[in-house]
Amino acid sequence: MKSKKSALLLALLLIVSILFGGCAAKPKQEETTKPTEAVTEATAEDGTKLSNDSSDFVLLSEAVPDVILEIRYYSTYNFVGDRIDGYEEPLAFITKEAAAALKKVSDEVMAKGYRLKIYDAYRPQQAVTNFVNWAKDAKDTRMKEYFYPDLEKDVLFPQGYIMEHSGHSRGSTVDLTLFDMKTEKELDMGGTFDFFGEESHPDYKDITKEQYNNRMILREAMLSNGFKPLAEEWWHFTLENEPYPDTYFTFPINSDSLKK
């Protein structure tokens, strides 16, 4: 009789173990499931590929130690008149590939007595959106006399001065000039960085011979080391074989963005 009761008790315990043990197994399985990785890529409404992956970017001042930084969009001295969205620290980021090419440019001009002075490199997409919103505000003309004295804001979109996307956001474009180590001044390029007008075209001839030659010193150094120019801006160059020709990056410019 006692053995029958023991067998019955064991059977009941086994049934309970199966029923409740199966239920308890589910939470354990959920705990061991790997968390979903953060999304790094997206597509904008216009079909543009966006990414917040900064893994192929470097700090320009570390990759090219001899450069001088004057990050205009971190300051208020720019065509908007405010610090631009996404520029959270006065740093310059650029892709590894563009940095390697720019190091060669720096070495070349250093041998001639110059240093590269950087106004802008990687530009977050949110900064470009900041420009677009500013251009739509016809009343905001605070910096007109300095950067677009001969233009009205309603022509900035049609004439291509402001666009929905910028090559800078692809990470391999840089705006720069030359700094003369002997005079300790920028070379006179016959025009201001970010000036909206014909005077900014690299081949503009209504400047002095010295000013034109200074533009050509910069242009030749950039082209001979793998960069291509922009027809409208003497200071603007893009790595010819840029690694992300179709991707626009969104991460902000601050010290944390490049931390692995």
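**Burial, aromatic packing and the principal pocket**

Glu-242 counts as buried, at 11% relative accessibility. In this predicted model, Glu-242 occupies the loop between β10 and β11 (247–249). When residues up to four places away in sequence are set aside, the contacts of Glu-242 are with Arg-170 and Ser-172. The loop between β10 and β11 also holds Pro-245, which is partly exposed because its relative accessibility of 41% falls between the limits of 20% and 50%. Ser-172 recurs here: its C-alpha atom is separated by 9.0 Å from that of Pro-245, although the two residues are 73 apart along the chain.

The protein as a whole comprises six helices and eleven strands. Of its 260 residues, 42% count as buried. Among contacts between residues at least 6 apart in sequence, 74% join residues at least 24 apart.

Helix α6 covers residues 209–223. For its 15 residues, a rise of 1.5 Å a residue gives an expected span of 21 Å, and the end C-alpha atoms are 21 Å apart, so the model agrees with the expectation. The buried residues of α6 are Gln-211, Asn-214, Arg-215, Met-216, Leu-218, Ala-221 and Met-222. In an α-helix there are 3.6 residues a turn, so residues three or four places apart point the same way. The packing partners of the buried residues in α6 are α3 (96–110), β7 (173–180), β9 and β10.

Aromatic contacts were examined next. The structure holds 21 aromatic pairs. One of them joins Trp-134 and Tyr-148 in an edge-to-face arrangement, with 5.8 Å from centre to centre and 80° between the planes. Trp-134 belongs to helix α4 and Tyr-148 to the loop between α5 (144–147) and β7, so the pair ties together parts that are 14 residues apart in sequence. Both partners are buried: Trp-134 has a relative accessible area of 4%, and Tyr-148 has a relative accessibility of 0%. A further pair is formed by Tyr-244 and Phe-249, whose ring centres are 5.2 Å apart; the planes stand at 85°, so this pair too is edge-to-face. Here the partners differ in burial, as Tyr-244 is partly exposed at 27% relative accessibility, whereas Phe-249 is buried with a relative accessible area of 3%. Trp-134 and Tyr-148 also belong to one aromatic cluster, together with Tyr-73, Phe-79, Tyr-87, Tyr-119, Phe-131, Tyr-161, Phe-193, Phe-196, Trp-234 and Trp-235.

The largest pocket has a volume of about 600 Å³. Two or more lining residues are given by each of α4 (125–136), β9 (227–230) and β10 (233–239). Of these elements, β10 provides the largest share of the lining, four residues. In total, 30 residues line the pocket, and those nearest its centre are Gly-160, Tyr-161, Met-163, Leu-230 and Glu-233. Tyr-161 is thus both a residue nearest the pocket centre and a member of the aromatic cluster. By residue class, the lining of the largest pocket divides into 13 nonpolar, ten polar and seven charged residues. Strands β9 and β10 therefore appear in two settings, contributing to the pocket lining and packing against the buried residues of α6.

Note on methods. Residues numbered from 1 in each chain as written. Predicted model: local features only at pLDDT ≥ 70, side-chain atom pairs only at ≥ 80, totals over all residues. Heavy atoms only, no water. 1 Å grid on protein atoms, 1.4 Å probe; cavity = no way out; pocket = protein on both sides within 12 Å on 5 of 7 lines; lining within 4 Å. Points joined across faces, edges and corners; volume = space filled by probe spheres on them. Nonpolar A, V, L, I, M, F, W, Y, C, P; charged D, E, K, R; others polar. Expected span 1.5 Å × (residues − 1). Buried < 20%, exposed > 50% of the residue type's maximum accessible area, 1.4 Å probe, protein only. Contact = heavy atoms within 4.5 Å. Phe/Tyr/Trp six-rings, centres within 6.5 Å; stacked < 30°, edge-to-face > 60°.
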